[in-house]
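Welcome to a short set of exercises with worked solutions. Have the viewer open, try each task yourself, and then read through the steps.

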Amino acid sequence: MKRISNKNLYIISITLYLVLNILNTYLLTMGTFNRYITPFDYSFLGTFNAIIGNLAILLFVLIFSFIFVKRRRKRILVLVIATLFFNILLFSLTIYTKYYGTAFTISSLNSFKNPSAELGFSIALETAKELFVYYRIILFIPFLIQLVIFILYNKKEITSETTLLRGVKKPVIAIILLMILMVVNIGIFRTLSNKWPLNASRSTYASQNVGVYSYLSYELVGIDFSVNANDYFAKDENIYDTYDSINKNKTSYVNEIDGKTYSNILKIEDIGNINNDFYLDTKYQGLSNLNGIFENKNLVLVHLESFNYFLLEIKEIRDQLPFLTTLISESYTFDNFYANIGVGTSADAEFSVLTGLYPIGTSTLYWDYTDSYNESFKPTSLVQYFNDKDFDTLAIHGDNKTFYNRENVYEKMYEFDYFYNIDDFEKDGYTNDNYNHQNPWISDYALMDVLYEKQNEATNNYFMFPMTMMPHTPFLYDPYENTDTAIKYSDTFENNLSSLALKYLHYMKYYDEILRRMFIDPNTNQFRGNNNTVYLFYGDHGCGLNISDISTIMGRTLSKIEHRKILNQVFGFMYVPSANYNLNKAINEGEIKGSQALVRGEADLYRTVIELFNLPVKDDMYFGVNMFSKEPTFSIDNRVLDCIIDGNAFSMLDTNKTINDLVNSSIYDAVLKRKKLNDALIVNQYFYLINKR
């Protein structure tokens, strides 16, 4: 076989360096190849412009090698190293999309500030599996090809000096042409960018339409691709009137979906399905509306880590949750309830529930609080209103107080009276050694014991905010793993699910036990809930399992948007214990039982608590719906901008991607308007200005 000449190898190396590294970017940005990303619909001009942008960055490296490297073989080595860098970059970016569903942006770096080395290491191990289990190794084909070319190049063959850019004139011309290419690239994108007016998923839009390599390179040198929140509105638009149009703290307003009139006073006849004798109960007899029915009660708002609703839909899994099943039989459940998170995940869930606002979606607002905002950034919150009612306000979390910058956010932005964190647990003797649960945080068993202790100690009305920590991806530290009491599922689950999915499902015993411990004393088996307290539970976000695992669990093949909808659907319910103890169930009977089938989101909890507890909002604005009402609404996933409405779900990035019907343009416009107003409210810090107006 005739050997390929060095000259031809050199030409092939340069050609493949450019072609393969450009093609490789589509393994990141196209949903066909990257099942984790939620892409926009492609256009010819956008695709062409992305090729220009990626080519410009690749040529930059090539020109560098021509100027500073004299020998061809060494230039090929430069391309080998550069290709390895680009391949590692793309692999890392695909992993980012696995956890966040959107392309990486420099502003997302604050998501990695959390001090959790153990968690980071375990996620790195799961990431390594992606190389082979999900064939991510193909991202490194360009590097392997370049490496083979470098090895085949005959280093003994003497070649003359081949520097193409000798002197000063040629390098200057090359750099000028390269800069022109970049200017054209940015210019075309600026024209295209008007088609996507939000900052959420802007990184995905830019990666598709300006190029993956070029987008990140431009951001590194300070070019801003974000939309100015002030540009969300027309110059002649009165921003106060715009806010007022979606403010629902009114005795009369028109719903944006069904066009009907509703009120901030929820009348008895307008309540959703309630199964027990709520109307006849002497405690509520003669009530005309629900507002203020819990005014004199305490609130325990429980944040449930990674708790998806499908866990209760599948009998085989539900059977592993006997106490939770009993608890919800005495509760009012929200059966169509969704997370509103952005890339801040758990912190974003807290923000939505406590403020009634959506996170922006592109960065973690909790970390932005000290970096971008001053201390006047204080959105109205449940904490503030309970403080105004002279309630004691306490947040409890078994992690480091610096995690998600909570020490600053809780004290300065929300103004909790106290944040009980890992230091307090350890100081008070609540260590993992006492619970046979070894992990980097404090066991949620301890969380429930501390919660009970704090409720007993309270001499005043209280608002307590306990946050569970486990199960947290990648679902390590299960105390029942490899024990005689570990859960065993059917062969379908045990043999066909990934190890990650199995670890998640095996956590159900732990989940059920911690909730049982919250209400039943582990030593005496006595009920220890407080019948003057409302217990409100919400899941912060989904478990992040891949589409094949969820399809196996659900027993049917899912589309990508169905998969995302299922992962976005979390569990929510309200338990209001009465004084009547049910011996068979070993808990007190619930005062309000039933279910809500309409779509609800985390941000709706804010308004619901305000109205049920008659919090002193006065004329402060709020959005959303009362979760007990019959009023329709929508819920937004602020990472990938999927929108869920009753009977359907659709991608705002590409409205052809729906579960059922085509998207009504008026509904799309209403969702877009709410999101734009929400983001402008946060970015421009208009809270007090708007409420004062």
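**Exercise 1. A patch on the surface**

Which residues make the nonpolar surface patch of about 510 Å²?

*Solution.*
Before starting, note that this is a predicted model: local features need pLDDT of at least 70, side-chain atom pairs count only at pLDDT 80 or more, and totals for chains, interfaces and linings use all residues. Residues are numbered from 1 along each chain as its sequence is written, and side-chain values use heavy atoms, with hydrogens and water left out.

Step 1. Fix the criteria. A patch takes residues with over 30% relative accessible area and no salt bridge, joining like charges within 9 Å and nonpolar side chains (Val, Leu, Ile, Met, Phe, Trp, Tyr) within 5 Å. A salt bridge is a side-chain nitrogen of Lys or Arg within 4 Å of a carboxyl oxygen of Asp or Glu. Areas come from the Shrake-Rupley method with a 1.4 Å probe, and for residues only the protein chains shown count as cover.

Step 2. Name the members: Val172, Ile173, Ile176, Leu177, Ile180 and Val184.

Step 3. Place one of them. Ile173 sits in helix 7 (residues 169-193); helices (H or I, at least four residues) and strands (E, at least two) are DSSP runs, numbered from the N terminus.

Step 4. Classify Ile173. Buried means under 20% relative accessible area, exposed over 50%, and partly exposed in between (1.4 Å probe, protein chains only). Ile173 has 40% relative accessibility, so it counts as partly exposed.

**Exercise 2. The whole protein**

Describe the protein through its totals.

*Solution.*
Step 1. Count the elements: the protein has 27 helices and 17 strands.

Step 2. Look at burial: of the 693 residues, 60% are buried.

Step 3. Turn to the surface. The accessible surface comes to about 28500 Å², and carbon and sulfur atoms hold 55% of it.

Step 4. Check the contacts, meaning heavy atoms within 4.5 Å. Among contacts with a separation of 6 or more, 76% join residues 24 or more positions apart.

Step 5. Add one long-range pair. Ile667 and Asp258 are 409 residues apart in sequence, yet 9.5 Å apart in space, C-alpha to C-alpha. Ile667 belongs to helix 26 (residues 665-683) and, with a relative accessible area of 14%, is buried.

**Exercise 3. Strands 3 and 8**

Why is strand 8 largely enclosed by the rest of the structure? Trace its pairing too.

*Solution.*
Step 1. Count burial: six of the six residues of strand 8 are buried, so the rest of the structure largely encloses this strand.

Step 2. Recall the pattern. In a regular strand, side chains alternate between the two faces of the sheet.

Step 3. Sort the side chains of strand 8 (462-467). Tyr462, Met464 and Pro466 point one way, Phe463, Phe465 and Met467 point the other way, and all are buried.

Step 4. Find the partners, remembering that two strands pair if DSSP finds at least two bridges between them. Strand 6 runs parallel to strand 8 and is joined to it by six bridges, with Asp392 bridging to Tyr462. Strand 3 (residues 298-304) also pairs with strand 8 in the parallel sense, over three bridges; Val300 stands opposite Met464, and Leu299 opposite Phe463.

Step 5. Move on to strand 3. Seven of its seven residues are buried, with Asn298, Val300, Val302 and Leu304 on one side and Leu299, Leu301 and His303 on the other. Seven bridges join strand 3 to strand 9 (residues 533-539), which runs parallel to it, and His303 has Tyr538 as its bridge partner there.

**Exercise 4. Backbone details**

Which peptide bonds leading into Pro471 and Pro474 are worth a look, and where do the positive phi values of Asp390 and Asn614 fall?

*Solution.*
Step 1. Set the background. Most residues other than glycine have a negative phi, and most peptide bonds are trans.

Step 2. Inspect the prolines. The bond from Met470 to Pro471 is cis, with omega near 5°, and the bond from Thr473 to Pro474 is cis, with omega near 10°. Pro471 lies in the loop between strand 8 and helix 20 (491-496), and Pro474 lies in the loop between strand 8 and helix 20.

Step 3. Inspect Asp390. Its phi is near 65°; Asp390 lies in the loop between helix 16 (382-388) and strand 6 (392-397), and at 56% relative accessibility it counts as exposed.

Step 4. Inspect Asn614. Its phi is positive, about 50°; Asn614 lies in the loop between helix 25 (602-612) and strand 15 (635-637), and at 39% relative accessibility it counts as partly exposed.
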